[in-house]
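Got your viewer open? Let's take a walk through this structure, one selection at a time.

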Amino acid sequence: MEKKDWLRGAFVLTVAALFTKTLSAFYRIPYQNIAGDIGFYIYQQVYPFYGVFLALSTYGYPVAISKLIAENKQSTYKFAVVRLSFYFLSCMSIIMFSILYFGASSLAKTMGDHQLVSLIRAISFVFLLLPFTSVFRGYFQGIGEMVPTAVSQVVEQFVRVCAILFFSSLLLHRGFTVYEAGAGAMAGSLMGSFAALAVLAAYMLRKRMHVHTRLWLPMKEKKKSAFIFSCSWCNNLFS
């Protein structure tokens, strides 16, 4: 990638990050007005789980995948990296989903509020989208196209914020509890992730990426990829 293209891509991602961070900061005010202090507290209890997904799907794995793709100049090797990344992340996402969904009762008990079970289970489904959003973003960043990632981030946050405010307001207006409204807010976050996936899929269809290749990465490259993914996971989980 030329320096000019790299700077343009960095600028696009920076603008998208600023927009999403600003939107993320300001939507909490109307949400607290809608759900009240208790409802906002309930939402904040479960939000860190979504925060982990957001960090992994936006900054963690896409950066790792883009690095691997950028290092492999041949298109067939790039597709092999995409395939290996998807398999690895699919396993990770199923594990994380299972821990949250089937372990929701234990997690809620540990957090001191058993009524958080529905919220934890609602947000667990977002991890099933991790392989798709991460691989798509990583692929585009690896070939020097930052616009799909930036657009998907903006759309994801915008849809997410609108859905959270809409569902929480609707459920509370119809007499549901603050916990059920919180679960609706978590479902709103899931809708934002689906919107991001739709945007990325649209860009990918335009690229007409053909992944039906029989070429596999050498064992050395597979080990390197697994190491980078593991480091990315640990860095985002404990940072």
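## Start in the core

Select Tyr31, Tyr43, Val46 and Ile120: within the largest nonpolar core, which has 49 residues, these four touch the most other members. Keep in mind as you go that you're looking at a predicted model.

Now colour the helices that build this core. Those giving two or more residues to it are α2 (28–71), α3 (75–102), α4 (104–110), α5 (117–124), α6, α7 and α8 (178–207). Helix α2 provides the largest share, with 15 residues. As general background, nonpolar side chains in soluble globular proteins tend to be buried together.

## Zoom out for a moment

Switch to a cartoon view. The protein chain has nine helices and zero strands, so reading along the sequence gives you α-α-α-α-α-α-α-α-α. Of the 239 residues in the chain, 47% are buried. Look also at how the chain meets itself: among contacts with a separation of 6 or more, 83% are between residues 24 or more positions apart.

## Back in: Tyr31 and its company

Select Tyr31 again and show what surrounds it. Is Tyr31 buried or exposed? Tyr31 is buried, because its relative accessible area is 0% and the cut-off for buried is under 20%. Setting aside residues up to four places away in sequence, Tyr31 touches Gly36, Gly39, Phe40, Tyr43, Ile164, Leu165, Ser168, Gly182 and Ala185.

## Follow the rings

Next, show every aromatic side chain. There are 16 aromatic pairs in the structure. One of them is Tyr31 with Tyr43, a tilted pair with 4.9 Å from centre to centre and 50 degrees between the planes. Tyr43 is buried too, also with a relative accessible area of 0%.

For another geometry, pick Tyr101 and Phe102. Why does this pair count as edge-to-face? The ring centres are 5.2 Å apart and the planes meet at 80 degrees, which is over the 60 degrees needed, so the pair is edge-to-face. Tyr101 is partly exposed, at 27% relative accessibility, while Phe102 is exposed, at 62%.

Now select Tyr27, Tyr31, Phe40, Tyr43, Tyr47, Tyr50, Phe53 and Phe127 together: they form one aromatic cluster.

## Charges over rings

Stay with Tyr47 from that cluster and add Arg28. The charged end of Arg28 sits over the ring of Tyr47, 5.0 Å from the ring centre. Then hop back to Tyr101 and add Arg121, whose charged end sits over the Tyr101 ring at 5.3 Å from the centre.

## The salt bridge

How many salt bridges does a search of the whole structure find? The search turns up one. To see it, select Glu156 and Arg137, where the side chains meet at 3.0 Å, N to O. Glu156 belongs to helix α7 (residues 147–173) and Arg137 to helix α6 (residues 130–142), so this pair, 19 residues apart, links distant parts of the chain. Both Glu156 and Arg137 are buried.

## Last stop: Ser134

Slide along helix α6 to Ser134. Ser134 is buried, with a relative accessible area of 0%. Where does its side chain reach? The side chain of Ser134 goes to the backbone oxygen of Leu130, at 2.9 Å. Now hide its neighbours within four places in sequence, and you'll find Ser134 in contact with Leu56, Ser57, Tyr61, Pro62, Ile65 and Leu89.

Methods:
Residues numbered from 1 in each chain as written. Predicted model: local features only at pLDDT ≥ 70, side-chain atom pairs only at ≥ 80, totals over all residues. Heavy atoms only, no water. Phe/Tyr/Trp six-rings, centres within 6.5 Å; stacked < 30°, edge-to-face > 60°. Buried < 20%, exposed > 50% of the residue type's maximum accessible area, 1.4 Å probe, protein only. Lys NZ or Arg CZ within 6 Å of the ring centre and 35° of its normal. Salt bridge = Lys/Arg side-chain N within 4 Å of Asp/Glu carboxyl O. Helix = DSSP H or I, 4+ residues; strand = E, 2+ residues; numbered from the N terminus. Core = buried A, V, L, I, M, F, W, Y, C linked by side-chain atoms within 4.5 Å. Contact = heavy atoms within 4.5 Å. Polar contact = N/O pair within 3.5 Å; in protein donor to acceptor, adjacent residues only side chain to side chain.
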